[in-house]
Number of protein chains: 4
Amino acid sequence: MSAMRNTIRLLIACRDARGIVAAVTTFVAEQGGNLLDADQHTDPDHGEFFMRVAIERAGFALTPDTFDAAWQPVARRFDMQWSIHWGQPVKRVAILVSKHGHCLSDLLWRRRSGELDVEIPIVISNHPDTADIAREAGVPFEARPVMPGTKAAQEREVLALLAAARADVVVLARYMQVLSPDFVRHYPHRIINIHHSFLPAFAGGAPYRQAYERGVKMIGATSHYVTEQLDAGPIIAQDAAPTSHRDTIADLIRKGRDLERMVLARAVRLHVEDRILVSQNKTVVFE
Amino acid sequence: MSAMRNTIRLLIACRDARGIVAAVTTFVAEQGGNLLDADQHTDPDHGEFFMRVAIERAGFALTPDTFDAAWQPVARRFDMQWSIHWGQPVKRVAILVSKHGHCLSDLLWRRRSGELDVEIPIVISNHPDTADIAREAGVPFEARPVMPGTKAAQEREVLALLAAARADVVVLARYMQVLSPDFVRHYPHRIINIHHSFLPAFAGGAPYRQAYERGVKMIGATSHYVTEQLDAGPIIAQDAAPTSHRDTIADLIRKGRDLERMVLARAVRLHVEDRILVSQNKTVVFE
Amino acid sequence: MSAMRNTIRLLIACRDARGIVAAVTTFVAEQGGNLLDADQHTDPDHGEFFMRVAIERAGFALTPDTFDAAWQPVARRFDMQWSIHWGQPVKRVAILVSKHGHCLSDLLWRRRSGELDVEIPIVISNHPDTADIAREAGVPFEARPVMPGTKAAQEREVLALLAAARADVVVLARYMQVLSPDFVRHYPHRIINIHHSFLPAFAGGAPYRQAYERGVKMIGATSHYVTEQLDAGPIIAQDAAPTSHRDTIADLIRKGRDLERMVLARAVRLHVEDRILVSQNKTVVFE
Amino acid sequence: MSAMRNTIRLLIACRDARGIVAAVTTFVAEQGGNLLDADQHTDPDHGEFFMRVAIERAGFALTPDTFDAAWQPVARRFDMQWSIHWGQPVKRVAILVSKHGHCLSDLLWRRRSGELDVEIPIVISNHPDTADIAREAGVPFEARPVMPGTKAAQEREVLALLAAARADVVVLARYMQVLSPDFVRHYPHRIINIHHSFLPAFAGGAPYRQAYERGVKMIGATSHYVTEQLDAGPIIAQDAAPTSHRDTIADLIRKGRDLERMVLARAVRLHVEDRILVSQNKTVVFE
């Protein structure tokens, strides 16, 4: 992972045209950059072009201060939307959680093991149940319960905590509150949710119960960016596992926990390594 | 598979009670039967008990003529619904298909290879496209097109063909017509459909297009018994495969064909080996 | 899981014969037992019969004190090898580990969450690295390093610790020492190892390096009972995940960690729920 | 697939250096080429660089006659090994088979359905069993049995048939003869085999029997290029499926057939779309 700290990521979206890859990679080469990866994709339906370029930090002539001026001619030529990520400092990932601690524990463990090279400045919950998990990992924990009628106020408090923690991305690690559109607009395509079903199947509440009642032979988990529409944002990662008539709802929940942990961890890793571009409510994921 | 010809299958459903397994297996032992398999399941929500018993034909004292009388005391004691399948003659599987021949080809190949030990007495289609596939396999092919206003008449013709073919089970191998409730009632839990999505996601038409537009990261296929409600019958088997932003709809269709073939073949095998019981719109599958 | 505490498990192995299932289930019914599960399997190569019976504790007339006498007639009639497990007290699982803490963390987390209903009385390591993980979970940690020439002495110390902890089963959660045949004989089919490859591929040391050098397109993990032959004991569970040319050894290790955690946890769960019988260096796993 | 006919593929291998991607993509842009894909990979162990470029045929200024001269400056600058594939005519795939027809049937069906856009000019077998399958598909079938002492002569005949059929690639669709080193040298990295195990586990004969005897919980299939060392060539694709103690060898064979068909078809597709580069006995697969 520390390799990621020494990797500059440049993300690009623009109208498709001839010569974009040549222009971008020539620019990198002229600045002494060693190209570690260059992935691109063209959306055939909308003629949109997407690119992710990974450049070795060592040897690259430009810095955060000098990059923009040098890059402007290329960006303007193709009318690009773009962003650059210098690998350091690492991203600050705030975690929101409710009562179920398995995804939280898993993310904390992956940070500790070095697999996720991120800062986790804060864990916020509407329940006190997971306070110990955060505390043992040395991460500040803030409980902000939601009562009937206090939802808007609670969201303002959470937003203030996130701002104070300088969160780059917000991970809903089984946070069982629907965020208001206003909240979502503060972190466009920077709130990652794990939904415990194979979306679009079983959106909404109690998906394992829904799955049990429908009698499906597989259950799934879906990680997606949160948008104003519930469970309808751009999907980042999904996985599924077989079930049988022997599985009770408790069994589905047990099997599902492992799916949720894996799928959410994968989505968070893809996000913090700047491997995801969003367009038309879909993701382009450069793995 | 020929082993299946020498295996008697007894399927049982009743209220749960103590002593059912003992009563059934004692009955089998008393009749000289060698128990090859005895699977059971209790639905904890409804207190319903399900059992499948597989008995070696050799040595079993009873025959189709003498079984019922001997079995009645056990069946009555527990108020069982039950059926017995003697392995021979093998089941007669009629196939309905429209334009896409991949599932049809696959089923015909599995019969030819001996993997599916069944008779396929007829292939019926509302299009002429797959006539060659049936013909090469030596199976009678009947085209029965559907025109605006002729659907009811066409269904009557199809039912007549199925009756003449003495079909035990009807497989919809990508048959793109919705069957009327009346048609379905002729073959209760004996019509097997393959739907090209991970149900309940993307029910209805054009599921690969729906999947593409939603931007899912996996596609699926679902085999289920047909009921009067479209794509809502008891699910027999499902599988899923990963996709990415690079996949066009054509790619999803290509990947999906393999899923569909595998999932449908599995469902048909489970059915003809009498491994499926249906209750509460769900299946109990004894593999 | 607490359901498991109220479930009695009876495991049986004997020569195949007619009437075994009837005799066993009749015995259970006569003792007022409610049969929760009754799985059996016959090994066609060796004519050996295996059975697992799960009985609801409530209502069953026998106790640990009275069972044997009542059961002897059935056991003798079929010359059975058998064992009974009363669900309480739960099994005592000792964990041996070296430097890598991911499997240890995962097992501790599953116990904490209630998914694994076991006691973990001790964690023993030949390295001090994972002491904190055990300590945070409130489990005694004992370091017993291995030096050149001290292996036999260290094993004696470990055996003494295991005896003092009254371990029922020993889990090697990435314990990188080969156990001596003498050690293994103390816990026949009660030492569970996780090997980080798809055995029998890449047995021995550095399996991810071996996999990388061979250029495989999937990596795997294998959980098995430890026998005197290295990496050759009866396999309990396996899983595999796709890889590509882009994966470095570090990537294989990262992907492998998740496989190892899942596969080991599954094997431990199957063992502590008494779902595994061993014969001919293979496992019969009643899931 | 017909899209592949209109796609030019350029494959490159050379020592890693700065500016390669820029040089290649600039060249393509200067020749009016629309870049459909540009994948690259650097082997960190050997400092080797690999690239696959897909160019839309329409608009590209160069032809098979004029390409080499225009390209030489770039190729020489980086001392490249390279090849170019114009998409038309499609590749000629010869199939060698023994008694088991499932992979042969599957490949023929995929060609028929348009999924594999190739010519299949000949099927050669050392047994007559699959003659009907080839015949029904309208493909010439040649039986060339191997007797004790006639292997060398048979190989010469097969090579003559392949030469007459102008085969670009040879697919061993369960051909149960070991090819001599001399035969292999005629088609370097152009002979694709399917081995019915998860290599390197169970190399050599009777892998399903080996798997059964070892008691593995998953079986696999491996497609690889044939080299002079048996079952040791560069791996192209692998897959695996779960098994249990209930599976007889016949069940493993049945489950394995589906794995083999899928894995071989995938490898053939990757090869004919020029997505594979070989180095150090490993494959780089640009999907």
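Here is a short conversation about a predicted model and the place where chain C meets chain D.

Visitor: What makes chain A's pLDDT readable as confidence?
Guide: pLDDT is the predictor's confidence in each residue, from 0 to 100. Chain A averages 96, and 99% of its residues score at least 70. As for ground rules, residues are numbered from 1 along each chain as its sequence is written. In this predicted model local features need pLDDT of at least 70, and side-chain atom pairs count only at pLDDT 80 or more.

Visitor: How do you know which residues of chain C and chain D are in contact?
Guide: Contact means heavy atoms within 4.5 Å. By that rule, 35 residues of chain C are in contact with 35 residues of chain D.

Visitor: What makes an area count as buried?
Guide: Buried area is the accessible area (1.4 Å probe) that two parts lose on being put together, summed over both. For chain C and chain D that comes to about 2800 Å², with 56% of it on carbon and sulfur atoms. R214(C), K217(C) and H245(C) supply 24% of the area that chain C buries against chain D, more than any other three residues.

Visitor: How many salt bridges are there between chain C and chain D?
Guide: A salt bridge needs a side-chain nitrogen of Lys or Arg within 4 Å of a carboxyl oxygen of Asp or Glu. Between chain C and chain D the count is zero.

Visitor: What makes a residue of chain C nonpolar, polar or charged?
Guide: Ala, Val, Leu, Ile, Met, Phe, Trp, Tyr, Cys and Pro are nonpolar; Asp, Glu, Lys and Arg are charged; the others, Gly among them, are polar. So the side of chain C that touches chain D has 17 nonpolar, eight polar and 10 charged residues.

Conventions: Chains are lettered from A and ligands numbered from 1 in the order in which they are written. Side-chain values use heavy atoms; hydrogens and water are left out.
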